Amino acid sequence: MHLNSGNTELRVTLAISGDKPIPSLATYLPQQSGVLVTPRRNLLCACTMVRNVSKFIREWVLYHAALGVDQFFLYDNGSEDNLADQVAQLRSAGINISTVAWPWIKTQEAGLSHCAAAHQASCQWMAFIDVDEFIFSPAWKSLENPSKSMLEAVLSVDPQIGQISFPCYDFGPSGQTAHPQEGVCQGYTCRLKNNQKHKSVVRLDAVDHSLQNVIHHFTLKSTFNSTWTRLARINHYKYQAWTEFKVKFKRRVSAYVADWADPVNLQSNDRAPGLGVSAIEPPGWAEKFCEVKDTIMQELSAKWFGIGFGGQASTTDFNSMGPHGTRTGDIAPSPSPSIP
C-alpha cells in the first residue's frame with residue numbers, strides 16, 4: 001500500500017483465510033494534482049478507535065480540545081450505544097469531530113493506518129491515543145487555565161523529528177466500585193509508580209509509505225527520527241472500576257495483542273496482572289494497582305473545567321467553561337524514560 005500511487009484509488013480489504021474477501025467500507029483517494037484550493041492544515045489532530053464508550057467521549061474530547069487538539073477522528077468499531085448523540089452534542093459546542101465506520105474486529109492497526117493516510121492534507125501531527133488516555137504534565141499544575149500553547153510547546157521540535165513518544169502511567173480503580181460520576185480524571189487518583197508503555201504523536205508527512213504501525217508508534221521514513229518528550233506524559237486510566245473493566249476484558253481490538261481469555265503471553269503488559277483468563281472480579285480489585293497517590297489531574301481538571309466536568313450528568317458548555325478554584329497538587333513530576 002503506497003501513498004504515491006498517483007490518482008489510483010487506494011482501497012482497504014480484509015479476508016478470512018479460505019473465504020472470499022470482505023468488501024471494503026474504507027477508501028482513500030489521494031489528492032489529485034492541479035487542485036487550486038488547499039485546505040488549512042491543523043497543527044494537531046487526534047485519532048482513536050471506539051466501541052461503546054460514549055460515556056467517556058465528552059470528557060476526553062473537551063479536555064484535549066482545550067489543550068490544542070484541533071480535530072478529532074473516531075473510528076467506530078461497531079458501537080451500539082449513543083455515540084452519534086454524543087458526537088452531535090460536541091459538534092453543536094463547536095468541536096471539529098467526525099466518525100468513520102470501522103466494523104471489523106481485531107483491526108485497530110489498519111484503522112490507524114487509514115487515519116494516517118486519509119488526513120495528511122488536513123493535519124500536520126496526529127495523536128494516536130485511546131479515550132482512557134489523557135496527555136498531561138505535572139508542570140501545568142500552577143496554570144490557572146488551559147491553552148493551546150501547552151501542546152504546541154510539545155510539538156516544537158526539530159523538523160527531522162517525525163514522532164514524539166509519551167510515557168504512559170497506568171491508574172488503578174482508586175477505591176471506585178462503579179464509574180465515577182465526576183469522570184475519570186477526577187475519579188481515579190492512584191496509579192502504578194513506573195511507566196508501563198508509551199503512546200505517540202506522529203508527524204503525518206513522516207509516516208512510511210507502508211503505513212505500518214503497532215498501535216504505540218508508526219514506522220517512519222528513513223529521513224525522520226523518533227524522540228521521547230520530557231514535557232508531558234500520558235495518564236492512562238486503564239484499570240477502572242470492575243463494572244467498567246470487565247467490559248474492556250471482553251473485547252480486544254488490536255491484532256497483535258492476545259485476547260485476555262486466551263492463555264497465552266500471560267506476562268504481557270497488555271494484561272491485567274493477576275487477573276488470569278476469566279472475567280471474574282479478583283478479590284480486592286478496587287484497591288489494586290495503587291502505588292502512588294496522584295491527585296494532580298483531579299485537582300487541575302476541577303480548577304480548569306469545574307468539579308464533575310467529566311460526569312455524564314454535566315451539561316457544561318465548552319464555550320462557557322471557566323476556572324474553578326481548588327488547591328494545587330503536591331506530587332513531584334515523574335521523570336521521563338531514557339530514549340530506547
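In the predicted model, residues 313-340 keep a pLDDT (the predictor's confidence in each residue, from 0 to 100) under 50, and 59 contacts beyond four places in sequence are present for this segment, a contact being heavy atoms within 4.5 Å. Residues 21-25 also stay under 50, with 14 contacts beyond four places in sequence. Over the protein, the mean pLDDT is 83, and 78% of residues reach 70 or more. Because the model is predicted, local features need pLDDT of at least 70 and side-chain atom pairs count only at pLDDT 80 or more, while totals for chains, interfaces and linings use all residues. Residues are numbered from 1 along each chain as its sequence is written, and side-chain values use heavy atoms, without hydrogens and water.

Helices (H or I, at least four residues) and strands (E, at least two) are DSSP runs, numbered from the N terminus. Helix H1 covers residues 54-67; its end C-alpha atoms lie 21 Å apart, which agrees with the 20 Å expected for 14 residues at 1.5 Å a residue, the expected span being 1.5 Å times one less than the number of residues. Since 13 of these 14 residues are buried, H1 is largely enclosed by the rest of the structure; buried denotes under 20% relative accessible area with a 1.4 Å probe, protein chains only. Glycine 68, with a positive phi near 135 degrees, follows H1.

Strands S6 (residues 71-76) and S7 (residues 97-101) run parallel and are joined by five bridges. The β-α-β crossover from S6 to S7 passes through helix H2 (residues 83-92) and is right-handed, that is, clockwise from the first strand over the helix to the second with the strands pointing away from the viewer.

Conventions: Buried means under 20% relative accessible area, exposed over 50%, partly exposed in between (1.4 Å probe, protein chains only). Two strands pair if DSSP finds at least two bridges between them.
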